[in-house]
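Trainee: Got a minute to go through this one with me? I'd like to poke around before I head back to the bench.
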Amino acid sequence: MEFAYKPYFDPDIASLIERMHPPRVSIDNDCCPDCTLVKVDSANKHGILLEMVQVLTDLDLVISKSYICSDGGWLMDVFHVTDQVGNKITDESLVHYIQQAISMNRESSWEVQPSISRNMRPTHVSTEHTALEMTGTDRPGLMSEMSAVLAEMGCHVSAAVAWTHNTRVACIIYVADECNGGPITDPCRVARVQAQLESVVEAHHFNGERRSVRLACPVAGKTHTERRLHQLMAADRDYEACCSCSHDDDSEDEDINRNGKYAWESRKECDATHVKIENCKEKGYSIITIRSRDRPKLLFDTVCALTDMHYVVFHAAISSKGSKAMQEYYIRHKDGCTLDLEAERWRVTHCLIAATERRVSRGIRLDVSSENRIGLLSDVTRVFRENGLSITRAEIGTNGDRAVGTFYVKDTSGQNISRETMEMIQQEIGGTILVVDKPLDQPSETTLSSVCRRNSGDIQERPKFSLGSLLWSQLERFSSNFRPIKS
């Protein structure tokens, strides 16, 4: 009989070690000429890497390179970061916030919030709102119909975010009762709102198609909004469509090399995303290599996927060069096992591909700023729908008496969006609309590079930071502590 020995784990002792040895954070602006080094030494625990990356990405900092080492119950991580325009992090209040936010847990880190400049973080908004979660099949006009129902039933949208990927959609909308400005607490009213929304979502679904609508009031604790969206889309199995074109766009190779390493690679040429998994038995790790197009928050999305699949990152090296990004992770499952089963390798590969693709939205990006009012989201999305535009991604929030949002839209007929259409949309919506960038496949002359104002013809240069970058810290505060979804 064989006996398996495992180290004794006492959660109280682990908590004591963490209290005795809190993370030590060092901000170094002297070592590298073109970036700031954020160095962290800390007792290791599951999820701490995601928490650190989350702090940096919530501030819209760009992580160009990272080295991660967390063997032996201790981690030593280094992040090379800059701001959105490539400058070092020199603002003292921002440096102080990073040090305190990483050193403390997520909930208490918000106590240092006021020290951050207002142009970096919007003012704090109450989190007492009802959270609406929806997943289902994407179709043009869906958000317009849902927001119209909410406005008709007296529900004021305080913030919202929506992602689309592989014909699936997931969105989180935070609403307040128009009567009291707080969460919807009447069970009968909650049931009526949910029933109306379910009717909208189910209108174009076939029998047996996956869809979900859920309303819940906030509970103790928080889950990051973007992480929750990853969880919703993974639970909706949007990653399955990543292999739907496997015979055309994917090539899968299996081989065992002379060193006994098992390599399995899935390549998706259409999105330039490559994931390779090797099992290194002599070192007891599974090695995951990801090559993809570089973009903001890529590291967060990858680490989020690995963490929610209950994998522990022991070593990692992340770098970017030009438009390409390379990520290499040495991982094990929380139970200490490597990725030995082919079905498990398939799932991890396609979940990572999906995690890198969800935030890549095609279409024209519109930054909208307008006076906040009841039914504003319904009006804006109705204008998009009536002009033949479909929303591929959206981020909406409020800041005092102003409402700001970022929408990625495309023409439902597949045509380029004309200047006349954009001007018509601006006239109907009002406020300020900034067309930030063009779709990947659309000529530059069909986009607007100026700020269009309803009562002004002023032309302004593109700002260094978009309105959309101001939303995520606010959206995060609306998050509730949703229970993890089991696949």
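Trainee: Which residue forms a salt bridge with Asp177?
Mentor: Arg189 does, and the closest N and O atoms are 3.2 Å apart. A salt bridge here is a side-chain nitrogen of Lys or Arg within 4 Å of a carboxyl oxygen of Asp or Glu. Before we go on: this is a predicted model, where local features need pLDDT of at least 70 and side-chain atom pairs count only at pLDDT 80 or more, while totals for chains, interfaces and linings use all residues. Residues are numbered from 1 along each chain as its sequence is written, and side-chain values use heavy atoms, with hydrogens and water left out.

Trainee: Okay, where do Asp177 and Arg189 lie?
Mentor: Asp177 is in strand E7 and Arg189 in helix H6 (residues 187-202), so to speak two distant parts of the chain, twelve residues apart. Helices (H or I, at least four residues) and strands (E, at least two) are DSSP runs, numbered from the N terminus.

Trainee: Buried or exposed, those two?
Mentor: Both Asp177 and Arg189 are buried. Buried means under 20% relative accessible area, exposed means over 50%, and partly exposed is in between, using a 1.4 Å probe and protein chains only.

Trainee: How many salt bridges are there in the whole structure?
Mentor: The search finds 17. One of them pairs Glu386 with Arg382, with the closest N and O atoms 3.2 Å apart. Those two are four residues apart in helix H10, so about one helical turn separates them. Arg382 is partly exposed, at 31% relative accessible area.

Trainee: Which residues do shared partners join into a network?
Mentor: Glu226, Arg295, Lys297, Asp301 and Arg359 are joined into one network by salt bridges that share partners.

Trainee: And what about Glu278, which residue is its salt-bridge partner?
Mentor: Lys276, with the closest N and O atoms 3.8 Å apart. Glu278 counts as buried at 18% relative accessibility, whereas Lys276 is partly exposed at 29%.

Trainee: Back to Lys297 for a second. Where is Lys297?
Mentor: In the loop between E12 and helix H8 (298-308). Its phi is near 65°, a positive value in a residue other than glycine. Lys297 also counts as buried, at 12% relative accessibility.

Trainee: Which loop holds Asn166?
Mentor: The one between strand E6 (155-165) and strand E7 (168-177). Asn166 has a positive phi too, near 50°. Another positive value, about 60°, turns up at Asp60, just after H2.

Trainee: How many residues of helix H2 are buried?
Mentor: Ten of the eleven, so helix H2 (residues 48-58) is largely enclosed by the rest of the structure. Among the buried ones are Ile48, Leu49, Leu50, Gln54 and Asp58.

Trainee: Switching to rings. How many aromatic pairs does the structure hold?
Mentor: Three. Tyr285 and Tyr330 make an edge-to-face pair, since their ring centres are 5.8 Å apart and their planes are at 90°. Rings of Phe, Tyr and Trp (its six-membered ring) pair if their centres lie within 6.5 Å; planes under 30 degrees apart count as stacked, over 60 as edge-to-face and the rest as tilted.

Trainee: Which strands do Tyr285 and Tyr330 lie in?
Mentor: Tyr285 is in strand E12 (residues 285-293) and Tyr330 in strand E14 (residues 324-333), so the pair ties together parts 45 residues apart in sequence. Tyr285 is buried at 8% relative accessibility, and Tyr330 is partly exposed at 24%. Together with Phe314, Tyr285 and Tyr330 form one aromatic cluster.

Trainee: What about Phe384 and Phe407, how far apart are their ring centres?
Mentor: They're 5.3 Å apart with planes at 70°, so that pair is edge-to-face. Phe384 lies in helix H10 (residues 376-386) and Phe407 in strand E17, so the pair ties together parts 23 residues apart in sequence. Phe384 and Phe407 are both buried.

Trainee: Last one: where is Glu202?
Mentor: In helix H6, partly exposed at 37% relative accessible area. Glu202 and Gly136 are 66 residues apart in sequence, and their C-alpha atoms are 8.5 Å apart in space.
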